[in-house]
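User: I am new to this structure and would like to go through it step by step. Please keep the answers plain.

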Amino acid sequence: MLKRARRSAFALAASGALALMAVVVVPPGTAHAATCGQPTHVWWATPGGSLGGGDTVTLGPGSPAWATGVVAPNTTIYYWTTDGYFFVNGQTETAFTTTPSDGNCVVHHQNNQIYIPAQSGPIDVYASYEQWETRTWVQTYVGQIVIG
């Protein structure tokens with residue numbers, strides 16, 4: 001009887017160790033892939049259309065725009081320009097950081113409103129963010145705003 005109890009205890013411990021090892025070998029990106037539901041991408045929603053993927057939009061001075069994207073959970077998007085500035089929270093800025101994405105990777109646009117200032121020339125917009133698929137930071141050209 002004691003021999004059977006030892007064998008049962010050993011079998012139980014071995015199966016627990018195997019279950020623990022199975023948890024360890026699951027690739028880390030798998031859990032994220034199930035929650036994000038779409039590829040990483042960043043853009044601005046504007047009255048002139050979406051600014052993303054290298055597109056060009058024409059906006060009048062004072063037009064609103066909303067920075068958004070799908071990035072790694074609980075991370076932000078850093079947007080910037082070298083050609084001018086934006087009005088963000090009542091300040092003129094050449095760069096700004098969005099609010100963090102939530103658990104499903106979405107940076108909500110309504111929390112990230114920007115206004116287009118009166119200035120001459122186009123504004124090229126860039127972004128830096130963490131891709132949820134690879135968990136690496138990338139920089140990309142978002143697009144160009146023509147002020148008209």
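**Strands, cores and a disulfide**

Analyst: To start with one pair, Trp44 stands opposite Leu51 in β2. The model is a predicted one.

User: How many bridges pair β1 and strand β2?

Analyst: Strand β2 covers residues 49-51. β1 and β2 form a hairpin, with two residues between them. Their pairing is antiparallel, and the number of bridges is three.

User: Which helices and strands does the protein have, and in what pattern along the sequence?

Analyst: The protein has two helices and twelve strands. Read along the sequence, the pattern is α-α-β-β-β-β-β-β-β-β-β-β-β-β.

User: Which side chains of β1 point to the buried face?

Analyst: In a regular strand, side chains alternate between the two faces of the sheet. β1 shows such alternation: His41, Trp43 and Ala45 point to one face and are not buried. The side chains that point to the other face, and are buried, are Val42, Trp44 and Thr46.

User: Which residue of β4 is the bridge partner of Ala45?

Analyst: β1 also pairs with β4, in the antiparallel sense and over five bridges. Within this pairing, the partner of Ala45 in β4 is Trp66.

User: What is the order of the strands in the open sheet of five?

Analyst: The edge strands are β3 (55-59) and β8 (95-97), each of which pairs on one side only. Neighbouring strands of the sheet are turned against each other by 25 degrees on average, direction ignored. The pairing is mixed, and the order is β3-β12-β11-β5-β8.

User: Which residue in β12 is the bridge partner of Ile123?

Analyst: Strand β11 holds residues 123-130 and strand β12 holds residues 137-147. The two pair in the antiparallel sense over eight bridges. The partner of Ile123 in β12 is Ile145.

User: Which element gives the largest share of the largest nonpolar core?

Analyst: In soluble globular proteins, nonpolar side chains tend to be buried together. The largest nonpolar core here has 23 residues, and those with the most contacts inside it are Trp44, Tyr79, Val125 and Ile145. The elements giving two or more residues to this core are β1 (41-46), β3, β4, β6 (86-88), β11 and β12. The largest share, four residues, comes from β11.

User: Which residues does Ile145 touch, not counting those up to four places away in sequence?

Analyst: Ile145 is among the residues with the most contacts inside the largest core. Its bridge partner Ile123 is one of the residues it touches. The full list is Trp44, Leu51, Val57, Leu59, Ile116, Pro122, Ile123 and Val125.

User: Where in the chain are the two cysteines of the disulfide, and how far apart are their sulfur atoms?

Analyst: The structure holds one disulfide. The pair links distant parts of the chain, with Cys36 in helix α2 (residues 29-36) and Cys105 in the loop between β8 and β9, 69 residues apart. Both cysteines are buried, and they are among the five residues of another core, which also includes Val70 and Trp132. The sulfur atoms of Cys36 and Cys105 are 1.8 Å apart.

User: Is Thr68 buried or exposed?

Analyst: Thr68 is found in strand β4 (residues 64-70). Its side chain reaches the backbone oxygen of Val107 at 2.6 Å. Its contacts beyond four places in sequence include Val42, Trp43, Ile77 and Tyr79. Because its relative accessibility is 6%, Thr68 counts as buried.

User: Which residue has its backbone nitrogen 2.9 Å from a polar atom of the side chain of Thr98?

Analyst: Thr98 lies in the loop between β8 and β9 (106-107), and it is buried, with a relative accessible area of 5%. Leaving aside neighbours within four places in sequence, its contacts are Ala67, Thr76, Ile77, Tyr79, Val107 and Asn112. The residue whose backbone nitrogen lies at 2.9 Å is Ile77.

User: What percentage of the residues in the protein is buried?

Analyst: Of the contacts with a separation of 6 or more, 66% are between residues 24 or more positions apart. The protein has 148 residues, and the buried part is 34%.

Technical notes:
Residues numbered from 1 in each chain as written. Predicted model: local features only at pLDDT ≥ 70, side-chain atom pairs only at ≥ 80, totals over all residues. Heavy atoms only, no water. Pairing = 2+ DSSP bridges. Axes fitted to C-alpha atoms, helices over the stretch in contact; angles between N-to-C directions. Buried < 20%, exposed > 50% of the residue type's maximum accessible area, 1.4 Å probe, protein only. Contact = heavy atoms within 4.5 Å. Polar contact = N/O pair within 3.5 Å; in protein donor to acceptor, adjacent residues only side chain to side chain. Disulfide = S-S within 2.5 Å. Core = buried A, V, L, I, M, F, W, Y, C linked by side-chain atoms within 4.5 Å.
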